[in-house]
Amino acid sequence: MAGRDPLLGGTVCARARAWASLRLDDELSVLEEELLERHLGACEACRLVEAGMRSTATALRAAPFEQPSRRVAVPAARRAPFSIGRRRTAVVAAAALVLGSVVGSLLERPSQPTPATPGQVSLLSRDVNLQLDLPRRPPTTPAPVPSTPPNPPEGVI
């Protein structure tokens with residue numbers, strides 16, 4: 001059954017070996033398990049690789065946990081110093097931004113105030129004015145609410 005797998009683009013043996021690794025962790029579907037068993041029945045090389053994986057996993061799982069002989073301390077990350085040159089550059093850049101925004105706001109102001117146009121302010125105000133001009137229907141009177149609730153059916157308390 002060795003050869004190229006037309007669906008995955010790799011060899012069938014490579015796929016079977018990946019599935020053998022997944023089977024050690026119980027991560028195979030029933031279909032993949034069956035396909036792997038069929039391949040292992042026909043391919044001696046993959047059967048040997050699967051047996052080696054199984055023995056290695058069994059040995060690792062059976063080994064006792066090791067405790068370190070001394071405590072391992074991870075050093076804290078040091079911050080890079082913010083040099084005086086970088087501080088000066090940051091202050092100059094901030095001052096340039098402030099100066100640019102002040103000058104830009106002064107140049108954007110119109111020299112004369114623009115006269116306000118009377119009438120329509122926006123499309124929304126036009127729609128509201130049109131709705132106010134529509135004819136109105138007289139309000140309907142609501143149905144009267146009974147003052148006492150109806151009697152319950154016979155036999156119900």
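Glu50 and Arg54 sit four residues apart in helix α3, which spans residues 44–62, and that spacing is about one turn of the helix. In this predicted model, the two side chains form a salt bridge, with the closest N and O atoms 2.4 Å apart. The partners differ in how they meet the surface. Glu50 has a relative accessibility of 9%, so Glu50 counts as buried. Arg54, at 38%, is partly exposed. This pair is not on its own: salt bridges with shared partners join Arg23, Glu33, Glu37, Glu50 and Arg54 into one network.

Arg23 is the next member to look at, and two of its pairings can be described in turn. With Glu33, Arg23 makes a salt bridge whose closest N and O atoms are 2.7 Å apart. Arg23 belongs to helix α1 (residues 12–24) and Glu33 to helix α2 (residues 30–42), so this bridge ties together parts that are ten residues apart in sequence. The second pairing is with Glu37, and here the closest N and O atoms come to 2.3 Å. Again the bridge runs between helices, from Glu37 in α2 to Arg23 in α1, linking distant parts of the chain across 14 residues.

Is Arg23 buried or exposed? With a relative accessibility of 13%, against a cut-off of under 20% for the buried class, Arg23 counts as buried. Its two acidic partners in α2 fall into the middle class: Glu33 is partly exposed at 27%, and Glu37 is partly exposed at 39%. As for the wider tally, the structure holds seven salt bridges, among them the Arg23–Glu33 pair and the Glu50–Arg54 pair.

Glu50 turns up again in the way the helices pack. Helices α2 and α3 meet at an angle of about 115°, and their axes are 6 Å apart. The range for the perpendicular class runs from 65 to 115 degrees, so α2 and α3 are roughly perpendicular to each other. On the α2 side, the contact is made by His39, Leu40, Gly41 and Ala42, while α3 brings in Glu44, Cys46, Arg47 and Glu50. Glu50 thus has a part both in this helix contact and in the bridge to Arg54.

Back in the loop between α1 and α2 lies Asp26. Its backbone is worth a look: phi is near 55°, a positive value in a residue other than glycine. Asp26 is exposed, with a relative accessibility of 71%.

Elsewhere on the surface, Val98, Val102 and Leu106 make a nonpolar patch of about 270 Å². Val98 belongs to helix α4, which covers residues 84–108. With a relative accessible area of 52%, Val98 is exposed, the class that begins over 50%.

Taken as a whole, the protein chain has five helices and zero strands, and reading along the sequence gives the pattern α-α-α-α-α. How much of the chain counts as buried? The figure is 11% of the 157 residues, with Arg23 and Glu50 both in that class. The protein chain exposes about 14500 Å², of which carbon and sulfur atoms supply 62%. As for contacts, among those with a separation of 6 or more, 40% come from residues 24 or more positions apart.

How values were computed
Residues are numbered from 1 along each chain as its sequence is written. This is a predicted model: local features need pLDDT of at least 70, side-chain atom pairs count only at pLDDT 80 or more; totals for chains, interfaces and linings use all residues. Side-chain values use heavy atoms; hydrogens and water are left out. A salt bridge is a side-chain nitrogen of Lys or Arg within 4 Å of a carboxyl oxygen of Asp or Glu. Helices (H or I, at least four residues) and strands (E, at least two) are DSSP runs, numbered from the N terminus. Buried means under 20% relative accessible area, exposed over 50%, partly exposed in between (1.4 Å probe, protein chains only). Patches are made of residues with over 30% relative accessible area and no salt bridge: like charges are joined within 9 Å, nonpolar side chains (Val, Leu, Ile, Met, Phe, Trp, Tyr) within 5 Å. Accessible areas come from the Shrake-Rupley method with a 1.4 Å probe; for residues, only the protein chains shown count as cover. Axes are lines fitted to C-alpha atoms, for helices over the stretch in contact, and angles run from 0 to 180 degrees between N-to-C directions. Angles under 35 degrees count as roughly parallel, over 145 as roughly antiparallel, 65 to 115 as roughly perpendicular and the rest as oblique. Contact means heavy atoms within 4.5 Å.
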